[in-house]
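Please look over the sequence and the 3D structure below. A short briefing follows, sorted by topic.

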Amino acid sequence: MTDAGNADADVIVIGGGAAGLMAASAAARAGARVLLLEKTGRCGRKILVSGKGRCNLTNAAELRDFIAMYGPNGRFLHSAFSRFFRPELLAFLRSRGLETLTERGGRIFPASGDARDVVRLFEQELADAGVRVLGRAPVSTLAPRDAGGFEVESARGVFAAPSVVLAAGGASWPETGSTGEGFALAAAAGHAIVRPRPALVPLVVREQALARSLGGVDLRNVRAAAFAREAAEVDSASIPDRDYGRGEKKKPRPPLIESRFGELGFTPFGLGGPVILMMSLAVVDALASGPVSVLIDLKPALTREQLRRRLQGDLDARGHRSLLSIWKEYVPLRMARPLLELAGLDGSAPARGIGAAGRERLIGLLKALPFNVERPLPLARAIVTAGGVALDEIDPRTLESRKVPGLFVAGEVLDLDADTGGYNLQAAFSTGHVAGESAARRALSSG
């Protein structure tokens, strides 16, 4: 056991993100002396960029649907959520003066729409709870002491405590301080690390010239389907008319990987937007085994036959006009010329002259615009890190390491990730709260 008189704190929290802030608060409110070591100059920097600066705190989904958004690893969160879930989080925030509102898709934000209010709330909370916060204190070493407890070496000094909460984040958004040190510290302590990889990340495609010509185009109400095949090998009629992916009960049949409906955007290098971000992790994992393609249905509300009749009617009625003048009524203007070129058609030619084969090529592009995925953007460009500390080495009831007693792990450094919608922040707050309380309980009982 660590001699309390020789310890700098009862609990040291490594990392001042959502999980670390909540862990420090919970530990201090449980009666522990808490020291929080933050790598950057200010805590909560990833909170500030979450939800496009508005901070999507959590989601109104029912517990079963909530858990499903983390995929198979979601079951790990049952215990933490039973102790600190959305009602407790919202009550915590409300009691400290932060009101919230619920928007489309169950997303819950601060009523002010300003993530800075969340960070200010935690800064005040830690001050009120007596937490000592040291910024610009990256941690280089986390080592057990012979006398018990831990010695933590940082740029601001070496500190000792009976309990440590490791909440150093993942390796995405490095400008917020998450650059993977948490994985290294956990590995040095003897933990297995599930390979970190990007999640909620845009995709780079092989068709660079086409993507570049469409860059900046944002689409609504489209369907994208990812397949474990080259685009040329996929039956273009096999795009499903329903969603498959995390949170959906029905599983896709190979070669389909996922199917999503919603908003999608083109970038100079490939595909982005909510639909692509949600399916990106499944695509990243599938790329490890072989080629992956994404087919986009630009008109999911219409069948091929309905489009065929509509297009034929427009060509018959206005055949003297240019093909481009008719085609731009089917797709956004910035897409019109690139897709005509892809179909091998001259947009300035009279519409009546394109022929049956040309019409079918246009319908094919409307119902299955193909892209071959080359790779995701780097992990540093992802919104969330997938992978991390293996969950079977962590007690889900307390978040304590099964390998290193007194070490607690919370937040994105764990092998937990979810789709967009507030799920990742809720997991950070919940695991942070449980880890902080548990660390305090262990530290105080060991004194």
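The points below cover a sheet, a helix, a buried lysine and the nonpolar cores.

This is a predicted model. Its largest nonpolar core holds 91 residues. A second, separate core has 47 residues. Helix 10 turns one face to buried packing, and Lys367 in helix 13 is buried as well.

**Nonpolar cores**
- Nonpolar side chains tend to be buried together in soluble globular proteins.
- Within the largest core, of 91 residues, the members that touch the most others are Val11, Ile12 and Val165.
- Helix 14, residues 423–446, gives the most to this core: 10 residues.
- The contacts of Val11 include Ala439, Ala440 and Ala443. Val165 is also among the residues that Val11 touches.
- Val11 further contacts Ala27, Ala32, Arg33, Val34 and Leu35, as well as Ala161 and Ser163. These lists leave out residues up to four places away in sequence.
- The second core, separate from the largest one, includes Leu203, Leu210, Met279 and Phe371.

**Helix 10**
- Helix 10 runs over residues 304–317 and has 14 residues.
- From first C-alpha to last, helix 10 reaches 20 Å, close to the 20 Å expected at 1.5 Å a residue.
- Its buried residues are Leu307, Leu311, Asp314 and Leu315.
- Seen down the axis of helix 10, these buried residues fall within an arc of 95°, so they line one face of the helix.
- An α-helix has 3.6 residues a turn, so residues three or four places apart point the same way.
- The buried residues of helix 10 pack against helix 11 (323–327) and helix 13 (355–367).
- The face turned away from the buried side carries exposed Arg309, Asp316 and Ala317.

**Lys367**
- Is Lys367 buried or exposed? Lys367 has a relative accessible area of 9%. The cut-off for buried is under 20%, so Lys367 counts as buried.
- Lys367 sits in helix 13.
- A polar atom of the Lys367 side chain lies 3.0 Å from the backbone oxygen of Lys299.
- Lys367 touches Arg304 and Leu307, among others. Its further contacts are Ile239, Ile296, Asp297, Lys299, Pro300 and Leu302, with residues up to four places away in sequence not counted.

**The sheet**
- An open sheet is formed by 3 strands in the order 3-5-4, with antiparallel pairing.
- Strand 3 (58–59) and strand 4 (100–102) are the edge strands, and each pairs on one side only.
- Strand 4 pairs with strand 5, residues 107–110, over 3 bridges in the antiparallel sense.
- Thr100 has Pro110 in strand 5 as its bridge partner.

Key: Residues numbered from 1 in each chain as written. Predicted model: local features only at pLDDT ≥ 70, side-chain atom pairs only at ≥ 80, totals over all residues. Heavy atoms only, no water. Pairing = 2+ DSSP bridges. Helix = DSSP H or I, 4+ residues; strand = E, 2+ residues; numbered from the N terminus. Expected span 1.5 Å × (residues − 1). Buried < 20%, exposed > 50% of the residue type's maximum accessible area, 1.4 Å probe, protein only. Arc of directions from axis to C-beta. Contact = heavy atoms within 4.5 Å. Polar contact = N/O pair within 3.5 Å; in protein donor to acceptor, adjacent residues only side chain to side chain. Core = buried A, V, L, I, M, F, W, Y, C linked by side-chain atoms within 4.5 Å.
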